[in-house]
Amino acid sequence: MTALNENDYKYVIQDFSSYYIGARLSYGELAEDENTPGRFKDAVYRIFLKETDPAMTIGEHLISLEETSMCCLAFSQLRIRIKVTALIQKPDKKGNLKEVYETKDYSLDEFLKQKEIKENPEQYLIQEICFKKRHLMMMHV
């Protein structure tokens with residue numbers, strides 16, 4: 001992966017129906033960000049910070065996430081989508097190998113089944129998680 005700047009993929013953005021959270025935000029930064037929805041801040045304090053270090057980023061946490069944890073249950077209630085980018089070798093029209101960035105969007109269940117991401121996390125960049133506002137309103141904290 002190419003070198004990242006300090007604030008790349010550190011954001012909380014919303015549109016009409018969804019929230020988008022950069023996966024390089026730590027849980028401490030997420031809890032302090034003024035754009036983080038209050039209900040999600042509550043979940044960060046009550047669930048995520050009980051199982052993780054405040055300095056751990058969302059991306060690091062997703063790679064080490066266990067299916068039996070409360071954090072996994074919270075993420076599944078939110079029905080998060082995880083955007084992951086990888087640098088891959090693809091042949092062009094002439095047959096020469098070319099390095100290309102490929103971005104995939106996974107549900108939580110699909111992401112947890114991706115063994116190559118957990119085995120080689122340095123080859124993948126978890127960019128963001130997103131979830132619908134209505135799923136946040138239905139979440140039990």
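Here is a short walk through the sheet in this predicted model. Local features need pLDDT of at least 70 and side-chain atom pairs count only at pLDDT 80 or more, while totals for chains, interfaces and linings use all residues. Residues are numbered from 1 along each chain as its sequence is written, and side-chain values use heavy atoms, with hydrogens and water left out.

Let's begin with the whole sheet. Five strands (E runs of at least two residues in DSSP, numbered from the N terminus) form an open sheet in the order S1-S2-S5-S3-S4, with antiparallel pairing. Strand S1 (12-14) and strand S4 (97-107) stand at the edges with a single partner strand each, so one side of each has no neighbour in the sheet. From one strand to the next, the twist averages 25 degrees; here axes are lines fitted to C-alpha atoms, and angles run from 0 to 180 degrees between N-to-C directions.

What holds such strands side by side? Strands of a sheet pair through backbone hydrogen bonds, either parallel or antiparallel. Two strands count as paired if DSSP finds at least two bridges between them.

Now step across the sheet. S1 and S2 run antiparallel and are joined by three bridges, and Val12 stands opposite Ile21 in S2. Strand S2 (residues 18-22) in turn pairs with S5 in the antiparallel sense over five bridges, where Tyr19 has Phe131 as its bridge partner. S5 is also joined to strand S3 (residues 81-91), again antiparallel, by six bridges; here Arg81 stands opposite Cys130.

Finally, look at S5 itself (residues 124-132): seven of its nine residues are buried (under 20% relative accessible area, with a 1.4 Å probe and protein chains only), so the strand is largely enclosed by the rest of the structure.

Key:
Buried < 20%, exposed > 50% of the residue type's maximum accessible area, 1.4 Å probe, protein only. Helix = DSSP H or I, 4+ residues; strand = E, 2+ residues; numbered from the N terminus.
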